[in-house]
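Colleague: I'm new to reading models like this one. Could you walk me through how the labels are earned?

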Amino acid sequence: MPIKTIQSTNYRWVVCAMLCVATMINYMDRQVLSLTWKDFIAPQFAWDDADYGEITAIFSITYAVCMLVAGKFVDWIGVKSGYTWAIAIWSFGALMHAFCGIATCGMLTGEWLVSFDGARETLHDTAMTMLPITTLSVYLFMGCRLVLALGQAGNFPAAIKATVDYFPKKDRGFATAIFNNGASAGALFAPLTIPTLASHFGWEMAFIVVGSLGYIWMIVWLLMYKKPQLNRRVNQTEFAYIYQDEEEMLTSQRKVDEGPKMSILKCLTYRQTWAFIFGKFMTDGVWWFFLFWTPAYLSDRYGYSSDSNMGMALIFVLYLITMLSIAGGYMPTYFVERLGHQPYNARMKAMFQFACIQLIGFMAQPLGDMSPWLLVFVIGVLGASHQSWSANIFSMVGDLFPRSAVATVTGIGGCAGGIGSYLILMGSGVLLSYAEDMGDMFTFMSYSGKQAAYMIIFSICSVAYLVGWIVMKLLIPKELKVKV
């Protein structure tokens, strides 16, 4: 009598969808400032590019430092509780931004019981110079970004650890690409909603509406997430599929040995950690530059404000293109199933192709001379390539480290990526302000003024991935699983 095969449940994809939504909210919370500062916030507080550069740089360096401990925190407290704490904190930080105008008004004039419009009118009518208003508002926004960064540092360590819990090695890159596309989805919806909210209801309401989404997700997460061995929605067939890799310590009682806990210092003794560190350090800042500076770039170069129809259309198309990264996430799965590659070798082969694609960044400015749509197309392709790279470099941690250390190592690499992002964001703000002051006297590759500064930044971003890949390949020429 033939043995009846029990059809597998697919709850792992429900988990992947929840991670995607959380990542989308994560990036929308980051995007609110980049889509409102130039046209709505800067006129109220007299900010310039350097002020905005400092605020974004402080976010990135705080994010970096917090990532170092967030990963260890998630490994210690677990995915469910760790993610809950993370989104609760960053949503609170997002909401705090809305009250910076009232706080500036209260601290400078003593008038605290005012509406958002009342704070704007009071600051506009006051006889004091703009310098204290600018300085104080910058510090207040920095404080909000600190809280935002503290919470958001937990997103990727928790998401990667959940992916390792619910997917076998060959599928992790694809699953990571799907949830990581939440970043592109957030960036896609943001220009369609945030400028409209800011234009009709004030920039403060944009922070409040988007910041509130995190608390809705948190309730769903608490109700629906459990580890697969404890989840009744995961049947034995799906459980066996999830833990199909030979090296997994799996018993018929659905008990999984995650391996011994590893300290941050212990993780730093492995070359695998340093490969991940360098790959993140070299490339994370590229995505953050596109995320934080593209709206300002379109405004500077073409005069399209973030709430104009053309400005919203350009940003929407840009991030629509970046969602092609799902194909990049699937590429290692194809190499494993169709070509028989080992997971690590398949991942590195795919990442080399993404690194080569980044070289077209040298053409962004020249093509932008012809049409803003060509510029957006190039940046969109660069963004898709980055997200494909990101999905696979994150998945590499699960390939090489025991489950007990996945979030810790992810946090260490995220810290390095945050430091790299700080350098790019801070440097971009300083360079752009300097180039604007110098005008035509500042030149680079046939460009002058701020356009020359942008060309320098695009050039640095274009070569960063190949440099990162070469160093990673030298450190780990073949798959070397960490043995503890």
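Modeller: Happy to, and keep in mind that this is a predicted model. Searching the whole structure turns up 34 aromatic pairs.

Colleague: What makes Phe141 and Trp203 a tilted pair?

Modeller: Their ring centres are 5.8 Å apart, and rings pair if the centres lie within 6.5 Å. The planes make an angle of 40°; under 30 degrees would be stacked and over 60 edge-to-face, so this one is tilted. Phe141 sits in helix H6 and Trp203 in helix H9, so the pair ties together parts 62 residues apart in sequence.

Colleague: How do you know whether Phe141 and Trp203 are buried or exposed?

Modeller: Buried means under 20% relative accessible area. Phe141 has 0% and Trp203 has 2%, so both count as buried.

Colleague: And why is the pair of Tyr297 and Phe458 called edge-to-face?

Modeller: The centres are 6.0 Å apart, and the planes meet at 85°. That angle is over 60 degrees, so edge-to-face it is. Here the pair ties helix H12, with Tyr297, to helix H19, with Phe458.

Colleague: Switching to cysteines, why is Cys16 in no disulfide with Cys20?

Modeller: The two sulfurs would have to be within 2.5 Å. The sulfur of Cys16 is 6.9 Å from that of Cys20, its closest cysteine sulfur, so that's too far for a bond. Cys66 is in no disulfide either: its nearest cysteine sulfur, in Cys415, is 9.3 Å away. The count for the model is 0 disulfides.

Colleague: What makes you say helix H4 is mostly covered?

Modeller: In H4, 7 of the 10 residues are buried, among them Cys100 and Ile102.

Notes. Residues are numbered from 1 along each chain as its sequence is written. This is a predicted model: local features need pLDDT of at least 70, side-chain atom pairs count only at pLDDT 80 or more; totals for chains, interfaces and linings use all residues. Side-chain values use heavy atoms; hydrogens and water are left out. Buried means under 20% relative accessible area, exposed over 50%, partly exposed in between (1.4 Å probe, protein chains only). Helices (H or I, at least four residues) and strands (E, at least two) are DSSP runs, numbered from the N terminus.
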